[in-house]
Amino acid sequence: MKFSYSNPTQIFFGQGQISAITRALDPQAKVLVIYGGGSIKKNGVYDQVASALKGFDWVEFSGVEPNPTKETLDKAVLIVKQQQINFILAVGGGSVIDGSKYVAAAAQYEGDGWDILTGKHQVNSATPLGAVLTLPATGSESNSGAVITKAETQDKLAFLSPYVQPKFAVMDPDVMKTLPEKQLLNGIVDAWVHVCEQYITRPTGAMVQDAYAEALLKTLKKLGERFADRDSDEWRANLMWAANQALNGLIGSGVPQDWATHMIGHELTALWHVDHARSLAIVQPSLLRNQIEFKRAKLEQMGREVFALQGDEQLAERTINAIEAFYHSMGVATQLTEHGDDKEAAIDAVISQLNNHGMVALTENQSVTPTEVKQILTAAIA
Ligand code: NZQ
Ligand code: ZN
């Protein structure tokens, strides 16, 4: 184990915390508030943000879509550049927060912001930003990652930079009251797979990371099983905190990480607009079955610790079945159907996009090459 760890995002967690923005901001800040398609206008979040910003100099940019596009975000980049914005406040789910991270970095760069995603430009500064989270799932509110789509070419790529890590994140579980059931389920699944990507690799003896990952998995499993309680304060607060902890850098410190499910899933979203979490549920069980020999020990550990499975016989196989059954119990499909009726063409399209993006040796072992992707998708696509 060798790592450097810092999570500098200040969290304001709990009911009524949107008002904390007033204290968190420099009174001299010129703020751009970025939000999505308007859910915050209907549920009172916009009004709470506006009241916290009373007396501040601020403007707004709306219309960031789910799976945010460079095309839309570049309009906000112009606003930051032209209006001397020196703080960005993202109010929304992962898409709005990721989009705001792109805006923050691209506004400090003279070239095309897409260069950040291709790696042509290494981010070396960004407009500071904060987040008001409205959908717990991605962990984007306190991590340094962002996933952006170029609609023109159907490319969905990620970048990581400490410069775009939010300075603060407001996490008021009350904002979840208006989330459609589907988005609550997406939150459970996305957070669950985030833990899995950092846990189902190989044993390293990292007892703290393993045990904390298992605690998060058990929590998410309970929240799924107790979905009927989703209107309680306790349920909402637990999902919001679990999803945050699943991808804030802590459980991934000093251990191998996989992320192949995410990389393949991003292509399904870019090509067929499958919700991010749903793309993961489609890919992950087939990928785990394909890679079972590399992951057997951790799958067995997960089977015992998270699902309380007994016996040694076929334990890794039974754990994958239990993961799949967990998704099915929440009504989340594990096969792609959005691609139409040409399965071969769909598989080729995904492989070709992965090749374009240099994703030809995935997982902690670089053992998922186009050959394995083909096998995985043959099982994962209906
Ligand atoms: O746009 P509005 O009107 O706000 O509606 C949104 C959107 O339609 C709605 N919503 C959000 N909060 C709501 C609400 N509706 C009612 N009440 C509320 N309180 O929910 C819809 C989906 O929102 P979105 O932000 O797209 O969802 P999510 O948080 O799941 O974000 C998904 C994006 O994050 C990326 C994904 O790839 C995808 O682009 N990811 C980011 C990561 C990161 N930065 O670390 C990691 C993840 O693995 C993931 O890849
Ligand atoms: Zn994810």
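## Salt bridges

R304 is partly exposed, because its relative accessible area is 40%, a value that lies between the limits of 20% for buried and 50% for exposed residues. The model described here is predicted. R304 forms a salt bridge with D312, and the closest N and O atoms of this pair are 3.2 Å apart. The partner, D312, is exposed, with a relative accessible area of 59%. By the rule that a side-chain nitrogen of Lys or Arg must lie within 4 Å of a carboxyl oxygen of Asp or Glu, the count comes to 16 salt bridges.

Another of these pairs joins R230 to E181, with a separation of 2.7 Å between the closest N and O atoms. This salt bridge links distant parts of the chain: R230 belongs to the loop between α8 (207-225) and α9 (233-246), while E181 belongs to helix α7, and the two are 49 residues apart. E181 counts as partly exposed because its relative accessibility is 43%. A further salt bridge is formed by R236 and D231, whose closest N and O atoms are 3.9 Å apart. Here a buried residue meets an exposed one: R236 has 4% relative accessibility and therefore counts as buried, whereas D231, with a relative accessible area of 62%, is exposed. In addition, K70, D74 and D112 are linked in a network of salt bridges.

## The zinc site

Which residues coordinate the zinc ion (ligand 2)? The donors are D190 through OD, and H194, H262 and H276, each through NE2. Their distances to the zinc ion are 2.0 to 2.1 Å. Along the chain, the donors of the zinc ion follow the spacing D-x3-H-x67-H-x13-H.

Why are D190 and H194 separated by about one helical turn? Both residues are in helix α7 (residues 181-199) and are four residues apart there, which accounts for this separation. D190 and H194 are also both buried, which means that each has under 20% relative accessible area.

## Aromatic pairs

Two rings of Phe, Tyr or Trp are counted as a pair if their centres lie within 6.5 Å. By this rule the count comes to nine aromatic pairs. One of them consists of F87 and F168, whose ring centres are 5.8 Å apart and whose planes meet at 10 degrees, so the pair is stacked. F87 is in strand β4 (residues 87-92) and F168 is in strand β8 (residues 168-171), so this pair ties together parts that are 81 residues apart in sequence. Both F87 and F168 are buried.

The pair of W192 and F326 is tilted, because its ring centres are 4.7 Å apart and its planes are at 45 degrees. W192 lies in helix α7 and F326 in helix α13 (residues 315-329), so the pair ties together parts that are 134 residues apart in sequence. Both W192 and F326 are buried. These two residues also belong to one aromatic cluster with F307 and Y327.

## The start of the chain and a surface patch

M1, F3, Y5 and L250 make a nonpolar surface patch of about 420 Å². Within this group, F3 is found in the segment before β1 (10-13). F3 has a relative accessible area of 46% and is therefore partly exposed.

P8 is also in the segment before β1. Is P8 buried or exposed? P8 counts as exposed, because its relative accessibility is 54%. P8 and Q209 are 201 residues apart in sequence, and their C-alpha atoms are 19 Å apart in space.

## Annotated domains

Two annotations from UniProt can be compared with the model. An unreviewed UniProt entry places the feature "domain: Alcohol dehydrogenase iron-type/glycerol dehydrogenase GldA" at residues 8-173. In the model, this span is 28% helix and 25% strand, and its end C-alpha atoms lie 21 Å apart.

The UniProt annotation "domain: Fe-containing alcohol dehydrogenase-like C-terminal", likewise from an unreviewed entry, covers residues 187-380. The span of residues 187-380 is 66% helix and 0% strand, and its end C-alpha atoms lie 21 Å apart.

Definitions and conventions. Residues numbered from 1 in each chain as written. Chains lettered and ligands numbered in written order. Predicted model: local features only at pLDDT ≥ 70, side-chain atom pairs only at ≥ 80, totals over all residues. Heavy atoms only, no water. Donors = N, O, S within 2.8 Å, 3.2 Å for Na, K, Ca; no water. Buried < 20%, exposed > 50% of the residue type's maximum accessible area, 1.4 Å probe, protein only. Patch = residues over 30% accessible without salt bridge, like charges linked within 9 Å, V, L, I, M, F, W, Y side chains within 5 Å. Areas by Shrake-Rupley, 256 points an atom, 1.4 Å probe, with all protein chains shown as cover. UniProt positions renumbered as here; feature names shortened; annotations may be inferred. Phe/Tyr/Trp six-rings, centres within 6.5 Å; stacked < 30°, edge-to-face > 60°.
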